[in-house]
Amino acid sequence: MNSPSDGRPTVSASRGRAPLVPAVVHKGVRYEQLKSASAEGLPLGGYVVATDVESGKRLWISRLYESPVNPNIEADVQNTFFKSMRLDAKDGVLVIEDEKGRTYRVGVVDGKVH
C-alpha cells in the first residue's frame, strides 16, 4: 500500500490503452505522435514529430498541449493522447484531435501550431 511518507503516489488509477492513431506520410515525411516525451527529457504533453522517411532524420517536433502532472497520481495515467490525425493537404496542415476533444492544426512544413 502506498503511503505519503514513501514518496510514491497515493492514488493509483488505470487507463485503457492510448488510441491507435496511425502515422501520416506525405511527400516523404512521416508525422506521428511522440508517445514517450519523458524518455526524451520533455515534459508530459502532446507532441507531433516530423521525420524524413528516407534518412530517418527528425525534421521538427512541436508541442500541441501540456499535460499537467499531479504528483499524487501515477504520471502515466495523466497523459492525454491523440484520438485522430489527418492531413489537410489543401491547407498544408495536420488536423489533430486529442482524447479531450480539442482540435489542433499544425503546419506540415514548419510544425507551427495554428
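I take contact to mean heavy atoms within 4.5 Å, and I keep to that reading for the entries below, which concern a predicted model.

**Whole chain.** I looked up the secondary structure of the protein chain and found seven strands and zero helices, so that I read the pattern along the sequence as β-β-β-β-β-β-β. Of its 114 residues, 32% are buried, and I noted an accessible surface of about 7100 Å², with 51% of it belonging to carbon and sulfur atoms. Taking the contacts between residues at least 6 apart in sequence, I found that 38% join residues at least 24 apart.

**Ser62.** I then turned to Ser62, which sits in strand 4, residues 58-66. Its relative accessible area is 8%, and because this falls under 20%, I entered Ser62 as buried. With neighbours within four places in sequence set aside, I listed Gly46, Tyr47, Val48, Gly111, Lys112 and Val113 as the residues in contact with Ser62. For Gly111 I also recorded a polar contact, in which the side chain of Ser62 reaches the backbone oxygen of Gly111 at 2.5 Å.

**Ser55.** For a second serine I went to Ser55, placed in the loop that runs between strand 3 (45-52) and strand 4. Its relative accessibility is 53%, and since the cut-off for exposed is over 50%, I entered Ser55 as exposed. A polar atom of the Ser55 side chain lies 3.1 Å from the backbone nitrogen of Lys57. Finally, I looked up the separation of the C-alpha atoms of Ser55 and Val29, which are 26 residues apart along the chain, and wrote down 9.9 Å.

Note on methods: Residues are numbered from 1 along each chain as its sequence is written. This is a predicted model: local features need pLDDT of at least 70, side-chain atom pairs count only at pLDDT 80 or more; totals for chains, interfaces and linings use all residues. Side-chain values use heavy atoms; hydrogens and water are left out. Helices (H or I, at least four residues) and strands (E, at least two) are DSSP runs, numbered from the N terminus. Buried means under 20% relative accessible area, exposed over 50%, partly exposed in between (1.4 Å probe, protein chains only). Accessible areas come from the Shrake-Rupley method with a 1.4 Å probe; for residues, only the protein chains shown count as cover. A polar contact is a pair of N or O atoms within 3.5 Å; within protein, one must be able to donate a hydrogen and the other to accept it, and residues adjacent in sequence count only if both atoms are side-chain atoms.
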